[in-house]
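User: I would like a close look at a single part of this model, with the surroundings described only as far as they help to place that part. Please take your time and keep the account connected.

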Amino acid sequence: MANKGDHNILVIEDNPGDFALVEEFLLEQIEAPLISHVSSYKEAENILSVKEDPFDIILLDLSLPDKTGMPLIQGIVEISLNAPVIVLTGYADLNFGVKSLSSGVADYILKDELTALSLYKSIVYSTERKRITSALETSEKRARSFARQLNNILEEERSRIAREIHDEFGQQLSGLKMSLSALKKNVGVDSSVEPVIDTIVGDVNNGIQILRQIANELRPALLDKLGLFAAIEWLVSEFKKRTGVASRFYADVNQPVISKMLEINIFRICQEALTNITKHAEASMVNIHIENKNERLLIRIIDNGKGIKDATLHNPLSMGLLNMVERANLIGSKLNISSSADKGTIIELMINTNDEKNINS
Ligand SMILES: Nc1ncnc2c1ncn2[C@@H]1O[C@H](COP(=O)(O)OP(=O)(O)OP(=O)(O)O)[C@@H](O)[C@H]1O
Ligand SMILES: [Mg+2]
């Protein structure tokens, strides 16, 4: 019994006998399939370049007059407009079959074993698998874009709170300090109130310090005033002060002009990496090094601590590590963490500074 449904099929086959057989099998299983037939790579290229709606499936013979084997597979997968490609071949080479599957082919069928039913099953499985993968890809894209939006909102919110703490609350405390100084001038020199005022001034000064620190942690003013390199240098010097660990920041390149979004994400990655080193690494040496590598910015955060266990590295619950990877994804980069027991950890981030969207704010 023929099966219904939209079946828009491209058969790429140069042998007329083989095509006739495939066509017969398709007609046996599918009601009114739309079959297009080409017999060379060139013709396939032509039909795929002018077609507006993609094919549901492509059946590909592995040896065509103008292209064969792996280059043919790679070529067709590339121009397939996302249609699943099923390879039909006369050669029983299992290794090649496996390799072709990893090149993006949906299925690999031997012509000798081909029946109407096996062909139909392969078509149904391949299209269904493609549908599920596409749905997954779409949902992953949505999740990514949602994460990007959330990240932006979070950074904006932090920035706003930092500004308000600094400007509003900071001003209030500075005002209070001035009032206390005025008060001190007005009380008598021997007044017993004077030491009390001094204590309050001391407390207010502490308060101002703490406020500055909170505001800086929320959004380092240096990042906006002097840019990424100065902000990372500050981060490293704060880390050194806090932990006493020998730490160094050095950049072999001038600071490139990059977007604020890129700057803040790189800064946050360095911040999380240093926090992790403080909490977990037991390191005695830490370096953040920035260099130019093949027209890209390579940022490396290196510690000589106890290293991260493989299982931890791949643990989906390692939220701090995952966050770093996610931030790198958000800026179109890739984070690489290499670590081995007692040999420390190297976190590498490669940034394409020529990318249009990385330059504009
Ligand atoms: N530089 C490092 N050296 C040694 N171990 C590390 C280092 N960085 C991370 N780890 C290990 O990896 C684990 C996961 O790190 P992650 O940042 O994801 O979580 P966390 O720091 O424990 O918690 P969170 O970041 O959520 O507050 C840590 O618990 C620690 O065992
Ligand atoms: Mg952490």
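Which residue in strand 9 does Phe249 stand opposite?

Analyst: In this predicted model, Phe249 stands opposite Ile288 in strand 9. The pairing behind this is that of strand 8 with strand 9, the latter covering residues 285–293, and the two run in the parallel sense over six bridges. As a general matter, strands of a sheet pair through backbone hydrogen bonds, in either a parallel or an antiparallel arrangement.

The sheet to which this pair belongs is an open one of five strands in the order 8-9-10-12-11, and its pairing is mixed. Strand 8 (246–251) and strand 11 (334–339) occupy the edges with a single partner strand each, so one side of each has no neighbour in the sheet. From one strand to the next, the twist averages 15°.

Two helices can be placed against this sheet. Helix 8, made of residues 228–243, lies across strand 8 and strand 9, and runs at about 170° to strand 8. Helix 11, made of residues 319–330, packs on the sheet by touching strand 11 and strand 12 (345–351), and its direction makes about 145° with that of strand 11.

The loop that follows strand 9 deserves a remark on its backbone. Glu295 is found there, between strand 9 and strand 10 (296–303), and its phi is near 65°, a positive value in a residue other than glycine. In general, most residues other than glycine have a negative phi.

The ligand comes next. Ligand 1 has 15 residues around it, of which Asn276, Lys279, His280, Gly320 and Leu321 come nearest. For Lys279, an N or O atom of the side chain is 3.0 Å from an oxygen atom of ligand 1, and for Glu272 there is likewise a side-chain N or O atom 3.0 Å from an oxygen atom of the ligand. With Asp303 the ligand atom is a nitrogen, which lies 3.1 Å from a polar side-chain atom of that residue. Taken on its own, ligand 1 has 600 Å² of accessible area, and the protein covers 73% of it.

To set this part within the whole chain, the division is into domain 1 (8–114) and domain 2 (225–359), and the centres of domain 1 and domain 2, taken over C-alpha atoms, are separated by 46 Å.

Another open sheet of five strands has the order 2-1-3-6-7, with parallel pairing. At its edges stand strand 2 (34–38) and strand 7 (107–110), each with a single partner strand, so one side of each is left without a neighbour in the sheet. Neighbouring strands in this sheet are turned by 20° against each other on average, with direction ignored. Within it, strand 1 (residues 8–12) and strand 3 (residues 57–61) pair in the parallel sense over four bridges, and Ile9 stands opposite Ile57 in strand 3. Helix 3, residues 69–79, lies across strand 1, strand 3 and strand 6 (85–89), and runs at about 165° to strand 3. In the loop between helix 3 and strand 6 lies Asn82, a residue other than glycine whose phi is positive, near 75°.

Definitions and conventions:
Residues numbered from 1 in each chain as written. Chains lettered and ligands numbered in written order. Predicted model: local features only at pLDDT ≥ 70, side-chain atom pairs only at ≥ 80, totals over all residues. Heavy atoms only, no water. Pairing = 2+ DSSP bridges. Axes fitted to C-alpha atoms, helices over the stretch in contact; angles between N-to-C directions. Contact = heavy atoms within 4.5 Å. Near = heavy atom within 4 Å. Polar contact = N/O pair within 3.5 Å; in protein donor to acceptor, adjacent residues only side chain to side chain. Areas by Shrake-Rupley, 256 points an atom, 1.4 Å probe, with all protein chains shown as cover. Domains from an automatic or database assignment.
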